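User: Hi! I've got a multi-chain model open and would like to walk through it with you. Could you help me pick out the interesting spots?

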Amino acid sequence: MAEIKIENVTKRFGDFTAVDNANLTIEDKEFMVLVGPSGCGKTTLLRSIAGLGMADEGRIMIGGRDVTYLPPRERQISMVFQSYAIFPHMKVYDNIAFGLKMTKVDKKEINRRVNEAAELLHIEELLDRYPNNMSGGQRQRVAVARAIAMQAEVLLMDEPLSNLDALLRLEMRAELKKLLADINATTIYVTHDQIEALSMGDRIAVMKDGLVQQVDQPTTIYDRPANSFVGGFIGNPPMNFMTGQVQKDNGQILVKVGDSLLTPASFIQEQVGKYEGDSITVGIRAENMETLVDPTTDAIPVTVDVVEPLGSQNLLTVRIGDDRVKVSTHPDLAVRAGQKVWLRFPAEKIRWIERQSGKVLYS
Amino acid sequence: MKKRNWTPYWLILPTLIYLALFFAYPMVRGLILSVWDDEASLRLQSTASITSDAAGDLPQGTQIRLLDRQGNLLSDEVADAANLLTEQWFLATGVDVEGNNIEGWVSENRLRIREEAEDGTPIMGTIRRKLGSTADPLTDIHESASSVSPVIAKVEARTELFVQEVATLEVWFQIEGENETGETLTGWVPSRFIQVYGDEESGRIDRANQGAFTLEFFEKMVNDRFFWPAVRTTLLLMLFIIPAQFVLATVMALVIQARLRFNSIFLYIFSIPLGVSDLAVGILFFSIFTQNGLLNSVLQGLGLITQAQPYLTADTRHWILIAIWLAELWRATSIVMVIVVSGLQAISDEVLEAAELFGASFWQRLWHVILPLLKPSLQVALILRTILAVQVFAVVIALSGGDIVTVLANETFRQYFEFRNGNVASAYAVFILALSMLSAVFYLRAVRTQQELS
Amino acid sequence: MSKLTSETIALHKRMQARQKLNRTFAYVTAILIALWILIPIFFIFSMAFTTQETVRSYPKNFLPFIPFSTETMQFFLNSAGIVPGVINSLIVAILTLVISTLIAAPAGYAISRYIFPGRNFFRLSILAVRAFPIVVLSIPLAVLFIRVGMFDSIYSLALMHTALALPTTILVIGSVFASVPYELEEAAQVFGCTPFQAFRHVVLPLVLPGIAASAVFTFVLSWNEVFAASILTVQNRTLPAQVLFALSQSSEAYQFAGGFFMLIPALIFMWFIRKYLFNMWGQVSK
């Protein structure tokens, strides 16, 4: 059992609060991804869990044990570092065996585990080499092998793929995901890449400015972001935001966007209605709008500014009121820049966002 | 075909030329100087001319008999040589025994100068009278300034001659002596190589012009009464200074790496000794250990002693060594610290964190990660320090005057300066070089880095 | 929310106490080492600026500069051969730094900017030159200089000091150049500079402080050098050589003032180049 509980953890560097009262529970054997822009405190939080920087306040529990003030070696954890932190003076074998040697594991057992880890990462032929002339990908594999050879119940990964080139990153992502599923450790994985987060995590914790914004499953994070930051950070292209005016017409709550009116879905009418006479932010993902080339009554007429063919889809940039909106369309739909099209907004896909707080309204 | 870019070669060319001229060449010369006796033997010529055939070599120091002498025009480059015997010849005009007006050369042995100009230039002289009954009473006048040139006239004693010109000749001797194999050789040599004894008929070969390989200088060095004390002291200092320096330097490096407040000021203070000369450091510690210096003043002030204790005397040799040890520790630890700090800075934080995370305690990290990664730096520092320790010089002079306690560099200096023996000094220098190289090789082997292994 | 257990709090307190202790220990160590370095300097400083009578007195006062006087220092500076010695030392040091910088700068640029066959060999030879003892070089150079009639000249001493300083200067300047990315030069060329202009306007301003630091270090090296200076000069002695030869016949006032005078450049220059030290030696030890 290695459930990780982070309770009210705060970490400051001088006047700067890197992690602000974070609360997070990672279930046993869960794959949790910490994601956020650089400087959001995700790495600091990970390092607090690792013990590479004590939390100023709060408590960290691993498997029911309070480890807040324990040095790293007593926390029974394992880690993959961003720069890999391969010991340059040791052969790959000794690198992988390092942690086991330090914790005085039996020699035969070390040998077995090192070979097993090397086999899992396909680096058996590197075991006898020094890391000097290895490629980034090879070092990365060594770093992961060293971490999993420990067979710790908790595995921490600090942006392990960020130093690889794009193609290799794609390859390693899938391989890592499969590997981590097999070894069954509680994993905390830090990344700034939202696609990595979406594709790998059992759950995702999105952080910004030291605060945990939302913790949930990838699909939920994507579909039902807690606030405009999460909506804008997760997904490519990011969620579109438009300014709308809430008004009441015949008891019906309507939102005016540009020159057109949108009707909130029935289950959210009441919530949106609270902002009557006020402005509200309308959020919708690019793929959730339907593009029609012929005039339609329940669709908003817009002019296409830019067409970006991406192969699997075409990305249109259109203007609604003062806001630019990205719309993804089927590649077969022939649209040129300057052409007029009609966008249909499915009511249940629209997210209504409070302007001040950026909070998304849910029923 | 790719065209080779010659730019870098042009850029390093001045360095190469400079180092060849002022480093490689003197280095080779130094090596040669220590095993090559420039004046091993003297070459005898078959006639009194440097261009004549060689008549064999006699070793320096050979006792010889002088058979004959002759003057030869003195060349400018040997005009200042020691032991030079010269005679002057005059181009003179006058009337010969037959009453003809003549002009020819006569030796100063035959012409007594009677009148000189204000600057000492001879103007007029008279022919000396010849002593001995059997000799020809007339004096030969030669065609040129040499006793072997044709005689053009003869003059009587007391004839007045007017001097037109003066020439200086170097005397050459025809000598006879035995070489190492007992063979007797005869030949002509210039006077500057010969020391003539009082009887004017014998002498010894004082200097020589033929070089030969010799171990004589190394023998002289080893047999010098200061050699073994110097070796002992140098090695002793090396043995005690270097470990202490490494410990102190590591402590200093860790303090600097701890990033305390005022770190910049600590760094400044710690690096001051780096810019202080060994002479100044010697004087610094002299001011502490001298009889009325700081140490005695403090001890007396604390009431620990009642009168000044002598430290830097022949009877308190151990105190001199301690003072040298402290002075070297003071002076040269900074450089080790700087090297260790830059070595520490080169170790990435993540590597140390990884070691910590994978279960290594502080001492395990130090032993398994930090020290192995510091190896190249330590190696450089060790080699550098040893080379400096082997050369320790001015500190010793300042603290002991260079007599009571002596070191190899000091003996090199003494041989060169006091005894004017560049060869033995070079032998010392070569010995120091060998010692440095040996220790460098030793460290490279002992502290082998993994790059060399792979 | 769960409460902190008393055990956790105790552990926390212990950790904090230990950290504080470590910190205090580090400060105490730092101050002790600083005192070990400063006390001798301070003592000789106070001896250099007092009366000769005080220098001769015993036991000496613990309070420095009592009485404060420039007498000792003046006595030293007025001694025979000191002013010419200082002038000679300055000339030699400045010549050394100028020649070695001029020769080393192109070589440093070459090893940092170009990969060429023989580069490693060049670097290694430079390192090897650095590892040779001064003593070994001085004697044959003296003999050589006598032979070519350049003996007892401060210019030949400057040539010798340049040979000593050159390897370090090359490696340091090389590392300084290496710290300026080549892309900057290329960018300058793209924006219309000739290679020389790119060097002059982009690289030079960036490397100047580093080169200045290395020049200062060369200056100090030459100013301090005793052995070669004593061997190579007789009439035209540099300051250290002059002091060394006068040592056995001089009073303590002369020695102390001379000792302090010689370490003044170290006190001044180390302040300016302390930050470059690691750059210099870090590179050299790689």
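User: Let's start with A:P237. Where is A:P237 found?

Analyst: Happy to help, and keep in mind that this is a predicted model. A:P237 sits in the loop between helix 8 (228–233) and strand 11 (240–249) of chain A. The peptide bond that joins A:N236 and A:P237 is cis, with omega about 0 degrees.

User: Good to know. Which sheet does strand 11 of chain A belong to?

Analyst: Strand 11 is part of an open sheet of 6 strands in chain A, in the order 13-12-11-14-20-21, with antiparallel pairing. Strand 13 (260–262) and strand 21 (360–361) stand at the edges with a single partner strand each, so one side of each has no neighbour in the sheet.

User: How many bridges are there between strand 14 and strand 20 of chain A?

Analyst: Strand 14 (residues 279–284) and strand 20 (residues 351–353) of chain A pair over 3 bridges, in the antiparallel sense. If you want a pair to click on, A:T281 has A:I353 in strand 20 of chain A as its bridge partner.

User: Thanks! And how do strand 9 and strand 10 of chain A run, parallel or antiparallel?

Analyst: They run antiparallel: strand 9 (residues 203–208) and strand 10 (residues 211–216) of chain A are joined by 5 bridges. Within that pairing, A:V206 is bridged to A:Q214 in strand 10 of chain A. The two strands form a hairpin with 2 residues between them, and A:D209 there takes a positive phi near 50 degrees.

User: I'm curious about positive phi elsewhere. What is the phi of A:N8?

Analyst: A:N8 has a positive phi of about 50 degrees, although it is not a glycine. A:N8 is placed in strand 1 (residues 4–13) of chain A.

User: Why does A:N8 count as partly exposed?

Analyst: Because A:N8 has 15 other C-beta atoms within 10 Å, and a residue is partly exposed when that count falls between the exposed limit of 12 or fewer and the buried limit of 20 or more.

User: Fair enough. Then what about A:N184, where does that one lie?

Analyst: A:N184 lies in the loop between helix 5 (166–183) and strand 8 (186–191) of chain A. Its phi is positive too, near 65 degrees, in a residue other than glycine. A:N184 is exposed, with 12 other C-beta atoms within 10 Å.

User: And helix 5 of chain A itself, how far does it reach?

Analyst: Helix 5 of chain A has 18 residues and reaches 25 Å from its first C-alpha to its last, close to the 26 Å expected at 1.5 Å a residue. A:N184, with that positive phi near 65 degrees, follows helix 5 of chain A.

User: One more loop in chain A: what is A:P331 in contact with?

Analyst: Leaving aside its neighbours within four places in sequence, A:P331 is in contact with A:P309, A:G311, A:S312, A:Q313 and A:N314. The C-alpha atoms of A:P331 and A:P309 are separated by 7.1 Å, though these residues are 22 residues apart along the chain. A:P331 belongs to the loop between strand 18 (323–329) and strand 19 (340–344) of chain A. With 12 C-beta neighbours inside 10 Å, A:P331 counts as exposed.

User: Switching to chain B. At what angle do helix 1 and helix 12 of chain B pack?

Analyst: Helix 1 (residues 7–35) and helix 12 (residues 422–446) of chain B pack at about 115 degrees, with their axes 7 Å apart. The crossing of helix 1 of chain B past helix 12 of chain B is left-handed. On the side of helix 1 of chain B, B:G30, B:L31, B:L33 and B:S34 take part, and among their counterparts in helix 12 of chain B are B:G422, B:A427 and B:V430. By class, that contact has 5 nonpolar, 5 polar and no charged residues.

User: Is B:Q307 buried or exposed?

Analyst: Exposed: B:Q307 has 9 other C-beta atoms within 10 Å. B:Q307 is in the loop between helix 6 (294–301) and helix 7 (317–346) of chain B.

User: Last topic, the chain contacts. How many residues of chain C are in contact with chain B?

Analyst: 73 residues of chain C are in contact with 83 residues of chain B. Helix 12 (residues 252–284) of chain C gives the most to the chain C side, with 18 residues. The chain C side divides into 61 nonpolar, 9 polar and 3 charged residues.

User: And what does the contact take from chain A and chain B?

Analyst: That contact takes 19 residues from chain A and 16 residues from chain B. Helix 2 of chain A gives the most to the chain A side, with 3 residues. The chain A side divides into 13 nonpolar, 5 polar and 1 charged.

Notes. Residues are numbered from 1 along each chain as its sequence is written. Chains are lettered from A and ligands numbered from 1 in the order in which they are written. This is a predicted model: local features need pLDDT of at least 70, side-chain atom pairs count only at pLDDT 80 or more; totals for chains, interfaces and linings use all residues. Two residues are in contact if their C-beta atoms, placed from the backbone, lie within 7 Å. Helices (H or I, at least four residues) and strands (E, at least two) are DSSP runs, numbered from the N terminus. Ala, Val, Leu, Ile, Met, Phe, Trp, Tyr, Cys and Pro count as nonpolar, Asp, Glu, Lys and Arg as charged, and the others, Gly among them, as polar. Two strands pair if DSSP finds at least two bridges between them. Axes are lines fitted to C-alpha atoms, for helices over the stretch in contact, and angles run from 0 to 180 degrees between N-to-C directions. A crossing is left-handed if the near helix is turned anticlockwise from the far one by less than a right angle, and right-handed if clockwise. The expected span of a helix is 1.5 Å times one less than its number of residues.
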